[in-house]
Amino acid sequence: LGFILGSIVSIIKERKGGLIYEEDLLEDLLKTKIIDKIDLENLDSKLFLNEIISQKKYNYLKFYYSKHLQNLNPESLRALFENKKNNSSIVSDLSNSKENEIIIFVTTIPEITSQEVLKIRHQMDLLGKNLLGILIVKF
């Protein structure tokens, strides 16, 4: 009974606040999959992300991060994502995106709202782009 009541309360809070708590919902809204989960307090050198960055088929990678991550120290994200060899960089705006760039969305759960996700999906549709995937950052 306690589990059911707790689940109902969390669903109501999620809907009321617009926050996304479920990874599946985030994947469904953005029509892509979660590539990796990164814990900024405990970085693991064997991240799947590193394999993606090192692949030759992705010449230009853009890591587009959610509004909530703008409050973080950008250097912690830059150290992870920016790679001069592969022309990868971090952006908070898609307006300057080029045709041949691959975009990976970086966010946290539950700080992202469904409203922000729908706005991003709309921007991607207008630009005629698809996300390669989603990175979840924990801190």
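Lys62 and Glu101 are both buried, and in this predicted model their side chains meet in a salt bridge, 3.6 Å from N to O. The pair ties together distant parts of the chain: Lys62 belongs to strand 2, while Glu101 sits in the loop between strand 3 and strand 4, 39 residues apart.

That bridge has company, as the count comes to three salt bridges. Here they are side by side.

| Pair | N to O distance | Separation in sequence |
|---|---|---|
| Lys62 and Glu101 | 3.6 Å | 39 residues |
| Lys37 and Glu23 | 2.8 Å | 14 residues |
| Asp125 and Arg121 | 2.8 Å | four residues |

Take the Lys37 and Glu23 pair next. Their side chains meet at 2.8 Å, N to O, and this pair also links distant parts of the chain, with Lys37 in strand 1 (residues 34-39) and Glu23 in helix 2. Lys37 counts as partly exposed at 37% relative accessibility, and Glu23 is partly exposed too, with a relative accessible area of 30%.

The bridge between Asp125 and Arg121 is a local affair. Both residues lie in helix 5, four residues apart, or about one turn of the helix. An α-helix has 3.6 residues a turn, so residues three or four places apart point the same way. The closest N and O atoms of Asp125 and Arg121 are 2.8 Å apart. The two ends of this bridge sit in unlike surroundings: Arg121 is buried at 7% relative accessibility, whereas Asp125 is partly exposed, with a relative accessible area of 44%.

Now for helix 5 itself. The helix covers residues 114-127, which makes 14 residues, and reaches 20 Å from its first C-alpha to its last, close to the 20 Å expected at 1.5 Å a residue. Which of its residues are buried? They are Glu116, Val117, Ile120, Arg121 and Met124. Seen down the axis of helix 5, these buried residues fall within an arc of 140 degrees, so they line one face of the helix. The face turned away from that buried side carries the exposed residues Gln115, Lys119 and Leu126.

What covers the buried residues of helix 5? The cover includes helix 2 (23-30), strand 2 (61-65), strand 4 (102-107) and strand 5 (131-138). Two of these elements have already come up through salt bridges: helix 2 holds Glu23, and strand 2 holds Lys62. Just after helix 5, Gly128 takes a positive phi of about 70 degrees.

Back on the helix, Glu116 deserves a look of its own. Side chains of opposite charge can pair when their charged atoms come close. Glu116, though, is buried yet has no salt bridge, and the nearest side chain of opposite charge, that of Lys67, is 5.2 Å away. Leaving aside neighbours within four places in sequence, Glu116 is in contact with Ser66 and Lys67. So here is a residue of helix 5 that is buried without a bridge, while Arg121 is buried and does have one, with Asp125.

One last residue is Lys98, found in the loop between strand 3 (88-91) and strand 4. Is Lys98 buried or exposed? Lys98 is exposed, with a relative accessible area of 51%. Glu101 is in that loop as well, but Glu101 is buried. Finally, Lys98 and Lys129 are 31 residues apart in sequence and 9.9 Å apart in space, C-alpha to C-alpha.

Technical notes. Residues numbered from 1 in each chain as written. Predicted model: local features only at pLDDT ≥ 70, side-chain atom pairs only at ≥ 80, totals over all residues. Heavy atoms only, no water. Helix = DSSP H or I, 4+ residues; strand = E, 2+ residues; numbered from the N terminus. Expected span 1.5 Å × (residues − 1). Buried < 20%, exposed > 50% of the residue type's maximum accessible area, 1.4 Å probe, protein only. Arc of directions from axis to C-beta. Contact = heavy atoms within 4.5 Å. Lys, Arg positive; Asp, Glu negative; His and termini not counted.
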